[in-house]
Amino acid sequence: MAISAALTTRTLILILGDQLSLGMSSLRAGNQETDIVLMAEADDEAVYVPHHKKKIAFLLSAMRHFARELRDRGWSVDYVALTDGDNTGAFESEIQRAISRLKPSPAACQSSRPGRRVASSSRWSISTASVDE
């Protein structure tokens, strides 16, 4: 059975721990039939600014609940938990692993922290589109 071109073009929608909202422009612009949401728990996100252990636990719990909510609403979610054996501990390398695994084109990144994520996207082996709120 042939797969239509529309089903082979997938956008990777990156969602960070501080972007847990169904109203995000990247989700509103996304296509639940073809797009994939990437969420990753990464050590580097927890230590780049000092956080209390309880805040980190709350954030991870919120991320897991949001991923479940997205799945319940019909989204395909690629979620990398901190305890996953293959988790590299770095958000950037988790993006690279997802790109290799899922072959999306392009990736859409919500830029809640100007310059931080979008600037680093130049190292990814895929074209990216920044979706600002």
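## Confidence

In this predicted model, confidence is highest in strand 3 (residues 76-80), with a mean of 94, and lowest in helix 6 (residues 117-120), with a mean of 42. The score here is pLDDT, the predictor's confidence in each residue on a scale from 0 to 100. Helices (H or I, at least four residues) and strands (E, at least two) are DSSP runs, numbered from the N terminus. Across residues 1-7 the pLDDT is below 50, and this stretch has 4 contacts in the model beyond near neighbours in sequence; a contact means heavy atoms within 4.5 Å. Residues 114-133 also stay under 50, and for them the model has 47 contacts beyond four places in sequence. The protein as a whole averages a pLDDT of 77, with 68% of the residues scoring at least 70.

A word on how to read what follows: residues are numbered from 1 along each chain as its sequence is written, and side-chain values use heavy atoms, with hydrogens and water left out. Because the model is predicted, local features need pLDDT of at least 70 and side-chain atom pairs count only at pLDDT 80 or more, while totals for chains, interfaces and linings use all residues.

## Overall layout

The protein has 6 helices and 5 strands. Read from the N terminus, these elements follow the order α-β-α-β-α-α-β-α-β-α-β. Among contacts between residues at least 6 apart in sequence, 68% join residues at least 24 apart.

Of the 133 residues, 41% count as buried, where buried means under 20% relative accessible area, exposed over 50% and partly exposed in between (1.4 Å probe, protein chains only). The protein exposes about 7400 Å², and carbon and sulfur atoms supply 56% of that area. These areas come from the Shrake-Rupley method with a 1.4 Å probe; for residues, only the protein chains shown count as cover.

## Two nonpolar cores

A nonpolar core is a set of buried Ala, Val, Leu, Ile, Met, Phe, Trp, Tyr and Cys residues joined through side-chain atoms within 4.5 Å. The largest one has 15 residues, and those with the most contacts inside it are Ile15, Leu27, Val37, Met39, Leu70 and Val77. Strand 2 (36-40), helix 4 (53-72) and strand 3 each supply at least two residues of this core, and helix 4 gives the largest share, 5 residues. Apart from this core lies another, of 13 residues, among them Leu12, Leu38, Ala42 and Val80.

Val77 is a good residue to click on: leaving aside residues up to four places away in sequence, Val77 touches Val37, Met39, Ala67, Leu70 and Arg71.

## Helix 5 and the loop after it

Helix 5 (91-102) leads into a loop that ends at strand 4 (107-110). Helix 5 has 12 residues and reaches 16 Å from its first C-alpha to its last, close to the 16 Å expected at 1.5 Å a residue (1.5 Å times one less than the number of residues). Its buried residues are Phe91, Glu92, Glu94, Ile95, Ala98, Ile99 and Leu102. They cover an arc of only 160° around the axis, so they sit on the same side of helix 5; the arc is that of the directions from the helix axis to the C-beta atoms.

Just after helix 5, Lys103 takes a positive phi of about 55°. Pro104, in the loop, is buried, with a relative accessible area of 7%. Pro104 and Arg10 are 94 residues apart in sequence, yet 4.9 Å apart in space, C-alpha to C-alpha.

## A buried loop leucine

Leu16 belongs to the loop between strand 1 (12-14) and helix 2 (25-28). Leu16 is buried, with a relative accessible area of 4%. The C-alpha atoms of Leu16 and Phe91 are separated by 9.3 Å, with their positions 75 residues apart along the chain.
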